[in-house]
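Got the structure open in your viewer? Keep the selection box handy and we'll walk through it stop by stop.

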Amino acid sequence: MEGGGTMSEGPVVRVVEVTKRFGDITAVDRVTFDVGRSEFFSLLGPSGCGKTTTLRMLAGFERPTEGSILLEGEDAAGVPPYRRNTNMVFQNYALFPHLTVAQNIAFGPERKRLSRKEVQERVSVALETIRLTELSARYPKELSGGQQQRVALARALANRPAVLLLDEPLGALDLKLREEMQFELKRIQREVGISFVYVTHDQGEAMTMSDRIAVMHAGRVEHLGTPEEIYLQPASLFVAGFIGKAGLLPCTVEDVTPTRLTVGLPDGGRAEASRGPHEYRPGLEAVLVVRPEHLSLSLEPPGAGSSSLAVRVVDEVFLGAAIRYLVEGPDGVQLWVLTAYEARLPAGSPGRSAWVRWDPARAYVLPVERGSAPGEGEAPEAANGRLSTLSSGDA
Amino acid sequence: MMRRKRAEEREGIGRGARRALLYLASPVGVLLVLFVGPMAVLLIVSFEYSSFTRTGGFTLSNYSTVLTDASYLRVAWTTIFVATMSMGVMLLAAIPLAYFLVFRLGKLELPILLLLVLSDELNPLIRIYAWRMLLGREGLINSFLTSLGVIEHPIDALLFSKIAVIIVLSASFIPYATIPIYASLKAIDPSLLEAADDLGSRWLAKFRKILLPLAAPGIFVTVILVYIPLFSEFAAPALVGGTSGYMLGNAVQEQVLELGDWGVGSAMSFLLLVLSGVVALIGYKLGRIRRLEAIT
């Protein structure tokens, strides 16, 4: 297993139909994904969605109830954590308080019975990677949160694992430091070329760093794809509501062509939209997914035949470079509109009637799966409320 | 301006210290009267009066009697041996017990902790007599082993021996040995053990490199709390020690209560106190080497 960077072809991690039950509770439900070599892979979802349990199964701290996990092509069932070629960066760092930074980093290599010289070398390489060489003799409690976080990373990397597992490693840092560390993590990942499996509830974090993301909800993977795919063509209402402030308009598919769709809107109007990776047929209940930055707002009625909706301006928020408007359409459907400062509405517009328009190429039609909870992810406010309650951390 | 401010500060500190002293006065007074007072009386007695020399003034004869008599030296060695062995047995039992309480027992943690504490509430005499019933010639252990055919004749060494004293003392002090270690393990973040696992350590490395250093403050407290009282123990050796388990505590008791020689008894007590002080000092030094400060 040692230094398995070149040992076998194919994905470093294969998770096949893995289920984990704790008593009656199904924490992870038939999850399947692969992680490629040198890939930055994120498990994204609200707390309790099963992402941390999935990560702990990769590390060997939990055993799958069903399904199998393959690490570098070998079945990991029954392989204890200390024999797995994976290393973990813990949410609270879990640095050994009685050991110095250098001793913490040396802990893994020493357990592998490497020569003293080799251990020393790994420690200094790891310290250089995290740029903390001058703090090697400090104890963890003498470091700041960000420095502790980097030491935890160095300690895990010093073991040269095939996969690095990260459990919300930036969760305890303040916003500014978190953003810096995102770039730092990405740089280190590129530098060492090790596959990262990164658990987070912060969609911004996942979008910034990941090659691919698995969005998890209630134990299942709802969408597996690149950040762009997940952002532009979310596979479910949950994903659409969880990633960014997507506008979700209930609609009915009316006409299907190989390239375009025509949908009926709640106000009786019609709009054009592009096709997503789904089966479409006339009469299908769906939602139209449009991102706030792809909507434009004006007080003048648009020309006939354009994709638009009559709305009422509810609120405006000054963001600096842009202005965000909250507008309300028919049946109380709420949408966010992000407008450049130059294209803002005249002062005093909240309360007035207006029209939102969009480019059909930027609108995506998501069929509503039967039995999905009504109203789920419908209004941006509902989605926001959920996000804010969910972002309080994953145990 | 600066000077005035400093003077004010000094006065403030002075006032605070005065008030603190006032608060402390009554407990310190109680300690002086009830604890230091009798000890001072014994100290004077140890240098003054001896029923054997019949001298009234200052004398070192009590101490020289204790330090030169070969039989006392033998008793001292027995005491050190029994105390050290009991301490060792207790640590061997207490560390795993504390580990299981903290990390393995889950819901059973509190009930078992409670049982451990309750076990100490039992009258020590009753407990020691119970051990006599277990360890004796006709005791449960001997008759059980005989009936199984493991041994042909009952093992006499089980009772009225050093082993008996070590067994009984270890068992009766186990709550005091376990609880400080339990407390120090309780303060360890369980994810540290997972991290050690994750970085490739098996249980021995995990124990030596992580658990033991982090439990060191608790082990230090245990040694102070248990090892020192063991030196002056007299009930257990008197009841299960026989002649070979005779300890310094018994010698003191005999001198004072049976022979009425307060001088030698007091001298022995003070030598024991000095010995305990040395043990405490060694423990303290060892504890500091283990970087107590770095952890807390």
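**First stop: a helix pair in chain B**

Select helix α7 (residues 162–186) of chain B together with helix α9 (residues 203–231) of chain B: they pack at an angle of about 155°, with their axes 7 Å apart. Axes here are lines fitted to C-alpha atoms, for helices over the stretch in contact, and angles run from 0 to 180 degrees between N-to-C directions. So α7(B) and α9(B) are roughly antiparallel to each other; angles over 145 degrees count as that, under 35 as roughly parallel, 65 to 115 as roughly perpendicular, and the rest as oblique.

Before moving on, some ground rules. This is a predicted model, where local features need pLDDT of at least 70 and side-chain atom pairs count only at pLDDT 80 or more, while totals for chains, interfaces and linings use all residues. Residues are numbered from 1 along each chain as its sequence is written, and chains are lettered from A and ligands numbered from 1 in the order in which they are written. Helices (H or I, at least four residues) and strands (E, at least two) are DSSP runs, numbered from the N terminus.

Back to the pair: the crossing of α7(B) and α9(B) is right-handed, meaning the near helix is turned clockwise from the far one by less than a right angle (anticlockwise would be left-handed). Now show side chains. From α7(B), the residues that meet α9(B) include F173(B), Y176(B) and P180(B), and their counterparts in α9(B) include L214(B), P217(B) and L225(B). Contact means that the C-beta atoms, placed from the backbone, lie within 7 Å. What classes of residue make up the contact of α7(B) with α9(B)? There are 16 nonpolar, three polar and no charged residues. Ala, Val, Leu, Ile, Met, Phe, Trp, Tyr, Cys and Pro count as nonpolar, Asp, Glu, Lys and Arg as charged, and the others, Gly among them, as polar.

Zoom out to the whole of chain B, and you'll find 13 helices and zero strands. Of its 296 residues, 31% count as buried, that is, with 20 or more other C-beta atoms within 10 Å of their own C-beta, placed from the backbone (12 or fewer is exposed, in between is partly exposed). Among contacts in chain B between residues at least 6 apart in sequence, 73% join residues at least 24 apart.

**Across to chain A**

Next, bring up both chains and look at where they touch: 18 residues come from chain A and 18 residues from chain B. On the chain A side, β6 and α2 (101–111) each supply at least two residues, and α2(A) gives the most, with three. That side divides into eleven nonpolar, five polar and two charged residues.

**The six-stranded sheet**

Stay on chain A and colour the open sheet of six strands, in the order β6-β7-β8-β3-β9-β10, with mixed pairing. Strands pair if DSSP finds at least two bridges between them. The edges are β6 (86–89) and β10 (220–225) of chain A, each pairing on one side only. Inside the sheet, pick β7 (residues 163–167) and β8 (residues 195–200) of chain A, which pair in the parallel sense over five bridges; L166(A) stands opposite Y198(A) in β8(A).

Add helix α4 (residues 145–157) of chain A, which packs on the sheet, touching β6 and β7 of chain A. Then add helix α5 (residues 175–192) of chain A: its axis and that of α4(A) come within 12 Å and cross at roughly 20°. That makes α4(A) roughly parallel to α5(A), and the crossing is right-handed. Residues including L153(A) and L157(A) in α4(A) meet a set in α5(A) that includes M181(A) and I188(A).

**Last stops: a covered helix and two hairpins**

Select helix α1 (residues 51–59) of chain A: nine of its nine residues are buried. Just after α1(A), G60(A) takes a positive phi of about 100°.

Finish on strand β12 (residues 260–264) of chain A. Which of its side chains are buried? L261(A) and V263(A) point to one face and are buried, while R260(A), T262(A) and G264(A) point to the other and are not. β12(A) forms a hairpin with β11(A), with three residues between them, and another with β13(A), with five residues between, where G268(A) in the turn has a positive phi of about 90°. For a closing pair, pick L261(A) and its bridge partner in β13(A), A273(A).

Terms used
Two residues are in contact if their C-beta atoms, placed from the backbone, lie within 7 Å.
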